[in-house]
Amino acid sequence: MKVSRRGLLAAGAGVAGGLGVGGATASAAPGIGGPRLRTGFERLVDSGYAVLAGQKVGMVTNPTGVTRDVRHIVDVMHADERVDLKAVFGPEHGFRGTAQAGGSEGKTEDPATKLPVYDTYLKSGQALADIFTESGVDTIVFDIQDVGARFYTYIWTLYDCMEAAQLARKRFVVLDRPNPVTGRDAYGPILDRKYASFVGRREIAQAHGMTVTELARLFNGEYLEHPVELETVTMTGWKRRDFYDASGLPWVPPSPNMPTPDTALVYSGTCMFEGTLLSEGRGTTRPFELLGAEGIDAGWAAAANELGLPGVHFREAYFAPTFSKFQGKTIGGVQIHVDDREAFEPVRTGIGLLVTAKKTWKGFGWRPDNAIDRLTGSTRVRTMVDAGASTDEIVGAWQEELAAFRAVRRGYLMYK
């Protein structure tokens, strides 16, 4: 991966490392959550919305955009005379979160605030820029909880909105929230641009280990042909080693099948099963922690445990998905039990499960559309699994490109 023409410095003119903290905040409630971490939104309020002064504002957000006392930030800002909030832009699943995977809420009026809500899902480039222009806003603010995986679509909503904001000549502000699975390092293969899609626009690692403000700076500095006028509002009190439970923040499912931080912990590995004929656990209470299909027995869990993967064990499990693959059928498979999250390697674990599923289940196969290639960013995982490669061989195949990404990534990290 080459270093950009703008180098590894801040991501273009107009980038701020964060706001100063001062004054009382309307976003926190006494006794709720921990006192140490302050989100980007909390710091924005602390500053009296300084970066939004005199601006007509549009929010890109979803149900995760909440305060510590679980009020939605749009409701808070709409009621605050210091902010001229004019519009909301909803991503996949919608602003209020009423749509399932692959859906959105469409253009509507928010019943609570009467603000116009514009649909950004699967819109990009000039089409999305035209929506920003139609809204009449000056500044677009992004605040959505990410989960740390390349194929989680909200970071590509961020990318598309940044690109469209530049086309529409709008300012862009990103408010930070924790990466729930830590920001210690990046893992997994790097996307080959030939396989770019809405589950991976640009060349980042499958588990990127960054926060959304860091990603925004990376996008602006490395990938956008014309950088947007970007400002970031960082957190205080977040450390790269912190898991989500250290934040003291409430967990709001970012999407219907991301119910807990435990789901996020495994997701960058087990979401690869979306590209197979097996169930990835959608339609259960443990999506991405339960995997299976008809005809699988205890042999898969045994084979997976024999790999000795760090920080995890596998239990023979049987379940009946209420929707998606194998709806209403009782199927066999595994449940993932992470017993040492510091040692756990989600992408390696996902590869190990693919390798052992193929060896132990005669029905193993890929989705006919080869969605696995879009999820993993190339044909490599699919072809190496099919060729009988081991977990170590597959993981070893991407180490050189991962090292190059890690080198670029370091220039955009904002926390220790």
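Helices here are DSSP runs of at least four residues, numbered from the N terminus. With that in hand, let's walk through this predicted model, starting with its open and enclosed spaces.

The largest pocket has a volume of about 510 Å³. It is lined by 26 residues, and those closest to its centre are Glu92, Thr153, Val199, Glu274 and Arg282. Which helix gives the most to this lining? That is helix H9, residues 371-376, which supplies three residues. Sorted by class, the pocket lining has 14 nonpolar, five polar and seven charged residues.

The model also has enclosed spaces: three cavities of 30 Å³ or more. The largest cavity has a volume of about 70 Å³. Among the residues lining this cavity are Thr64, Val66, Thr67 and Arg68, along with Gln145, Arg177 and Tyr244. Leu249, Pro250 and Val252 belong to the lining as well. By class, five of the cavity's lining residues are nonpolar, three are polar and two are charged.

Val66 is a good bridge to the next stop, His72. His72 sits in the loop between S1 and H2, and Val66 is one of the residues it touches. Is His72 buried or exposed? His72 is buried, because its relative accessible area is 8%, and the cut-off for buried is under 20%. Its side chain makes two polar links to the backbone. One reaches the backbone oxygen of Asn62 at 2.7 Å; in the other, a polar atom of the His72 side chain lies 3.0 Å from the backbone nitrogen of Val74. Leaving out residues up to four places away in sequence, His72 also touches Thr61, Pro63, Gly65, Phe95 and Arg96, among others.

Val70 belongs to the loop between strand S1 (56-61) and helix H2 (73-78). Val70 has a positive phi of about 55°, although it is not a glycine. With a relative accessible area of 51%, Val70 is exposed. Leu122 is another residue to look at for its backbone: it is not a glycine, yet its phi is positive, near 65°. You will find Leu122 in the loop between strand S4 (116-119) and helix H3 (125-135), where it counts as exposed at 57% relative accessibility.

Next comes a loop residue with a buried side to its story. Thr182 lies between strand S6 (171-175) and strand S7 (187-190), and at 5% relative accessibility it counts as buried. The side chains of Thr182 and Arg184 are joined by a polar contact of 3.2 Å. Beyond residues up to four places away in sequence, Thr182 touches Gly209, Trp238, Arg240, Arg241, Asp242 and Phe243.

Now turn to two helices, beginning with H5 (residues 212-223). How many of the residues of H5 are buried? The count is 12 of the 12, so the helix is largely enclosed by the rest of the structure. The buried set includes Leu215, Leu218 and Phe219, and also Glu214, Arg217 and Glu222. Around them, the packing partners are strand S5 (139-143), helix H4 (154-167), S6, strand S9 (229-233) and helix H12 (399-410).

In helix H7 (residues 298-306), the buried residues are Trp300, Ala301, Ala303 and Ala304. These cover an arc of only 165° around the axis, which puts them on the same side of H7. They pack against strand S10 (290-293), strand S11 (312-319), strand S12 (331-338) and helix H8 (346-360). At the start of H7, a side-chain oxygen of Asp297 comes to within 2.9 Å of the backbone nitrogen of Gly299. Just after the helix, Gly308 takes a positive phi of about 65°.

Following the chain onward brings you to Pro310, in the loop between H7 and S11. Pro310 is partly exposed, with a relative accessible area of 27%. Setting aside its neighbours within four places in sequence, Pro310 is in contact with Ala343, Phe344 and Glu345. As a final pair to find on screen, try Pro310 and Pro346: they are 36 residues apart along the chain, and their C-alpha atoms are separated by 9.6 Å.

Notes. Residues are numbered from 1 along each chain as its sequence is written. This is a predicted model: local features need pLDDT of at least 70, side-chain atom pairs count only at pLDDT 80 or more; totals for chains, interfaces and linings use all residues. Side-chain values use heavy atoms; hydrogens and water are left out. On a 1 Å grid over the protein atoms alone, a cavity is a set of points where a 1.4 Å probe fits but cannot get out, and a pocket is an open set with protein on both sides within 12 Å along at least five of seven lines; lining residues have an atom within 4 Å of a point. Grid points are joined across faces, edges and corners, and a volume is the space filled by probe spheres set on the points. Ala, Val, Leu, Ile, Met, Phe, Trp, Tyr, Cys and Pro count as nonpolar, Asp, Glu, Lys and Arg as charged, and the others, Gly among them, as polar. Buried means under 20% relative accessible area, exposed over 50%, partly exposed in between (1.4 Å probe, protein chains only). The arc is that of the directions from the helix axis to the C-beta atoms. Contact means heavy atoms within 4.5 Å. A polar contact is a pair of N or O atoms within 3.5 Å; within protein, one must be able to donate a hydrogen and the other to accept it, and residues adjacent in sequence count only if both atoms are side-chain atoms.
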